[in-house]
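Trainee: I'm new to this structure and would like a close look at a single part. Could you pick one residue and walk me through its surroundings?

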Amino acid sequence: MTATRLMHTVGTRAMEWLWAHRDGFRLEPDVDPEVGFLERFKPVGELAMICKVLFREGVAGSRQADLARRLLDHAWQETLDGGRMLLLGQRTEPISPIPFEVYLAFKELGYSQPEVERAAVLNHRLESWVSFEVAPTRRLGLSAFQRRFGLTPRPPEPEAFAATWLARTPEPWTVEGHIAYDVTHAVFHLTDWGERPDGLPPRVADYLATWLPVWIDDWLDLRRWDLLGELLVVDACLPEPTLDQRAWEGFAAAQQPDGAMPAVHEMPEGDPDEVFDVVYHPTLVAAYASVLATSRSLTELAHTPS
């Protein structure tokens, strides 16, 4: 199997699993307030973002694209009740940015809920918006989301990025799991989820070009599939991706026959809802990595002299 076909197949299988388990994208309106009603919105927002990338890159097959659209319709109509659950979430936790984050990807895909938009514009004016305490990488993401929505980022993205670990390009051997996830998301926000590789400052792009292959090797050997998938996405976001074949072969081998991707080592067992909660994210990441890497691989092939 060629490297490009291997990458593409990972995404096709992942989308099949996500469609088969679409009811796992569920909300829990009656959850204990101490747990947080909005926590279950995160998978829905991630699903919308990955589907947006799939449509943008234009390398999905007709079956994959059809499942992505059906998944989005299901999430919007059934899970979010046409956006009304986002309104409920906003009223439950008025200053939380989560409903805004989830809504943005749907808005960019043509879905609409005007009351959520009005709430986003209002909240953006509040000092509580910029005072709301979040990790630096999350703050960078919120600034990027504001720009994409058409609002003036508060704070500006360069200022938000300057506070992140990646902006300082520290000693690469100090990277551990939490730092690595922050690195991946900083890259996602700087490049608009792989759309603009030139969004990476040259100094940062050079740092990643040097050290990302080492990190990929490490997490491949550790069989940390969720994080490995995100690092493979980062590779595809670079101006000159490596599309490391050994890493992709290991990643593809970890994927289950039904398309599920375990987070770490092997697939978990137990209650289906609990298994979904562990597996949905690495499977979404597999779809994301697949579409970006396939797109970059096809671009390279197109520019290779025959």
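Mentor: Let's take Glu101 and work outwards from there. This is a predicted model, so to speak of local features we need a pLDDT (the predictor's confidence in each residue, from 0 to 100) of at least 70, and side-chain atom pairs count only at 80 or more, while totals for chains, interfaces and linings use all residues. Residues are numbered from 1 along each chain as its sequence is written, and side-chain values use heavy atoms, with hydrogens and water left out.

The protein chain averages a pLDDT of 92, and 96% of its residues score at least 70.

Glu101 sits in helix α5, residues 98–108 (a helix is a DSSP run of H or I, at least four residues, numbered from the N terminus). With a relative accessible area of 18%, Glu101 is buried (under 20%, using a 1.4 Å probe and protein chains only).

Who's around? Beyond its neighbours within four places in sequence, Glu101 is in contact with Arg138, Leu142 and Phe145 (heavy atoms within 4.5 Å). The side chains of Glu101 and Arg138 are also joined by a polar contact of 2.5 Å (N or O atoms within 3.5 Å, one able to donate a hydrogen and the other to accept it; residues adjacent in sequence count only if both atoms are side-chain atoms). Met49 is 52 residues away from Glu101 in sequence, yet their C-alpha atoms are 9.8 Å apart in space.

Terms used
Helices (H or I, at least four residues) and strands (E, at least two) are DSSP runs, numbered from the N terminus. Buried means under 20% relative accessible area, exposed over 50%, partly exposed in between (1.4 Å probe, protein chains only).
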